[in-house]
Amino acid sequence: MNSTSQQPPTHATLTAILRTIPLFASLPPEDIDALSRLIEIRSFPKNRTILHEADTSNYMYLVLAGKVRVVQNGANGTEQVLAIHRKGAFFGEMALLDGRTSPATLIAHEDATVGLIDRPAFNSQILTNDRMLRQIIAVLCARLRESWFLMKLSRFGSAEQKIRGVLKYLGTQYGVDDSRGKILTIKLTHRIVAGYASVSRETVSRILSRFSRDGEIELLTSRRMLLKPTLFHNPPFL
């Protein structure tokens, strides 16, 4: 696992970040302080691999800054995006619970800082706290629903249906309401859309260009995208 030499957050900054993460928000200050001293901080530049599948049984990870994406790499080098996690998200708890690796790779979607919690700290600080266990259960349920969506998406017949479904899903997860529709708060590349929809990047480029000409989406600066109401008036509406 490689990281950059970017300056890690101070202890005070880290404890402040932990208080904003729902998993830890219910902890008293002394517990947050104790937990923060057990977290290892690493920073990664955009598109750098944070961990491979073989590493996933060793740590629970917290996104402290930036965004990361979870992918599965196909035999032909394609990348299927399973999820994009932003600041405050955590992952890896399943591997610490059952001791098995996760069949996915974690990559910095943009410059990102993550916190690592190893198994002893997880067992002593998290498994013994009822509030955090309930929060973990809630997150696992949300991820199960996301998996159901991806399964449903795979059954769509055409590439256009798949891409329209992906955009609707991303609008639900990362969209901010605007008078013109929803603005995605993540930087969205054609490669990312292709990874979600399991189609080629060239297909995504062609269909998104048509959506743009038809007034269903608008490409904004910094790879942001505006999803207009007409996009959702066409099937599939998940």
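These are my notebook entries on a pocket, the nonpolar cores, one helix, some aromatic rings and two backbone oddities.

**Entry 1: the model**
I am working from a predicted model, so I keep to local features with pLDDT of at least 70.

**Entry 2: second largest pocket**
I looked up the second largest pocket and got a volume of about 480 Å³. I counted 22 lining residues, and the ones closest to the centre are His-85, Ala-142, Arg-143, Glu-146 and Gln-173. Which elements give two or more residues to this lining? I found α2 (22-25), β5 (79-85), α6 (130-154) and α7 (159-174). I noted α6 as the element that gives the most, with eight residues. Sorting the lining by class, I have 13 nonpolar, four polar and five charged residues.

**Entry 3: largest nonpolar core**
Next I went to the cores. My general reminder: in soluble globular proteins, nonpolar side chains tend to be buried together. The largest nonpolar core here has 31 residues. Which of them touch the most other members? I wrote down Ile-163, Leu-167, Leu-170, Leu-188 and Tyr-196. Two or more residues each come from β5, α6, α7, α8 (190-197), α9 (201-213), β12 (225-227) and α10 (229-232). I have α7 down for the largest share of this core, six residues. Of that list, β5, α6 and α7 are also named for the lining of the second largest pocket.

I then picked Leu-170 and listed its contacts, leaving out residues up to four places away in sequence. Leu-170 touches Gly-175, Leu-184, Ile-186, Leu-188 and Tyr-196. Two of these partners, Leu-188 and Tyr-196, are themselves on the list of core residues that touch the most other members.

Apart from the largest core I found another, of 22 residues. Its members include Leu-14, Ile-17, Ile-21 and Phe-24.

**Entry 4: α8**
Why do I call α8 largely enclosed by the rest of the structure? Six of its eight residues are buried, so the label fits. The buried ones I listed are Ile-192, Val-193, Ala-194, Gly-195, Tyr-196 and Ala-197. Tyr-196 is the one I had already met as a contact of Leu-170. Just after α8 comes Ser-198, and I kept that residue for the backbone entry.

**Entry 5: aromatic rings**
I searched for ring pairs and the count came to three aromatic pairs. One of them joins Tyr-59 and Tyr-61. I read 5.9 Å centre to centre and 70° between the planes. Planes over 60 degrees apart count as edge-to-face, and that is how I filed this pair.

Is each tyrosine of the pair buried or partly exposed? I got a relative accessible area of 23% for Tyr-59, so I marked Tyr-59 as partly exposed. Tyr-61 comes out at 1%, so I marked Tyr-61 as buried. Phe-91 goes with Tyr-59 and Tyr-61 in one aromatic cluster.

**Entry 6: positive phi**
Last, the backbone. Most residues other than glycine have a negative phi, and I wrote up two that go against this.

Asn-47 is not a glycine, yet I read a positive phi of about 70°. Where does Asn-47 sit? I placed Asn-47 in the loop between β1 (40-44) and β2 (49-51). Its relative accessibility is 44%, so I logged Asn-47 as partly exposed.

Ser-198 is not a glycine either, and its phi is positive at about 55°. I placed Ser-198 in the loop between α8 and α9. With 47% relative accessibility, Ser-198 also went down as partly exposed.

How values were computed:
Residues are numbered from 1 along each chain as its sequence is written. This is a predicted model: local features need pLDDT of at least 70, side-chain atom pairs count only at pLDDT 80 or more; totals for chains, interfaces and linings use all residues. Side-chain values use heavy atoms; hydrogens and water are left out. On a 1 Å grid over the protein atoms alone, a cavity is a set of points where a 1.4 Å probe fits but cannot get out, and a pocket is an open set with protein on both sides within 12 Å along at least five of seven lines; lining residues have an atom within 4 Å of a point. Grid points are joined across faces, edges and corners, and a volume is the space filled by probe spheres set on the points. Helices (H or I, at least four residues) and strands (E, at least two) are DSSP runs, numbered from the N terminus. Ala, Val, Leu, Ile, Met, Phe, Trp, Tyr, Cys and Pro count as nonpolar, Asp, Glu, Lys and Arg as charged, and the others, Gly among them, as polar. A nonpolar core is a set of buried Ala, Val, Leu, Ile, Met, Phe, Trp, Tyr and Cys residues joined through side-chain atoms within 4.5 Å. Buried means under 20% relative accessible area, exposed over 50%, partly exposed in between (1.4 Å probe, protein chains only). Contact means heavy atoms within 4.5 Å. Rings of Phe, Tyr and Trp (its six-membered ring) pair if their centres lie within 6.5 Å; planes under 30 degrees apart count as stacked, over 60 as edge-to-face and the rest as tilted.
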